[in-house]
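Let's take a friendly walk through this structure together. Keep the sequence and the 3D view open while you read.

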Amino acid sequence: MENLPPCPACKSEYTYELDGKFVCPECAFEWEAEVAVVEEGLVVKDSNGAILANGDSVTIIKNLPIKGAAHPIKAGTKVKNIRLVQGDHNIDCKIEGFGSMALKSEFVKKA
């Protein structure tokens, strides 16, 4: 059995090739065979749309309250050497005075 890419519209794995195009039987989406590109790796964007990478430095753009902490992480706090992970909170980092944290990329901008 051939290894065909999943449908980009509905992510169905039951695609087939017809006249040089890929076709999805579930949603009837058609796309060119040459255009089929598989995304590799994790793509995380900051609040401005800049692509982040492991080891980047970011700046917090709003005050972030922390459960159990007496005060929030202040806007403008710089965070160095981030690590990207899968999930809702897609940035792992260490913040001075707070320790290890998981942040959402929508609350940071690339420094």
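## Around Leu 52

Leaving aside its neighbours within four places in sequence, which residues is Leu 52 in contact with? In this predicted model, the contacts of Leu 52 include the nonpolar residues Val 44, Val 58, Ile 82, Leu 84, Ile 91 and Val 108. Leu 52 is also in contact with Lys 45, Asp 46, Ser 105 and Lys 110.

## The nonpolar core

Leu 52 turns up again in the largest nonpolar core, which has 15 residues. Together with Ile 82 and Leu 103, Leu 52 is among the residues with the most contacts inside this core. Three elements give two or more residues each to it: strand S6 (58-60), strand S9 (91-95) and strand S10 (99-103). Of these, S9 gives the most, with three residues.

As background, nonpolar side chains in soluble globular proteins tend to be buried together.

## The S9 and S10 hairpin

How do S9 and S10 run, parallel or antiparallel? They run antiparallel, and five bridges join them. If you want a spot to check in the viewer, look at Lys 94, which stands opposite Ser 100 in S10. Three residues lie between the strands of this hairpin, where Gly 97 takes a positive phi near 90°.

## The second largest pocket

Now for a pocket: the second largest one has a volume of about 170 Å³. Its lining includes Leu 64, Pro 65, Ile 66 and Ile 73, along with His 89, Met 101, Ala 102, Leu 103, Lys 104 and Phe 107. By type, the lining residues divide into eight nonpolar, one polar and one charged. Leu 103, one of the lining residues, also belongs to the largest nonpolar core.

Definitions and conventions: Residues numbered from 1 in each chain as written. Predicted model: local features only at pLDDT ≥ 70, side-chain atom pairs only at ≥ 80, totals over all residues. Heavy atoms only, no water. Core = buried A, V, L, I, M, F, W, Y, C linked by side-chain atoms within 4.5 Å. Buried < 20%, exposed > 50% of the residue type's maximum accessible area, 1.4 Å probe, protein only. Helix = DSSP H or I, 4+ residues; strand = E, 2+ residues; numbered from the N terminus. Contact = heavy atoms within 4.5 Å. 1 Å grid on protein atoms, 1.4 Å probe; cavity = no way out; pocket = protein on both sides within 12 Å on 5 of 7 lines; lining within 4 Å. Points joined across faces, edges and corners; volume = space filled by probe spheres on them. Pairing = 2+ DSSP bridges.
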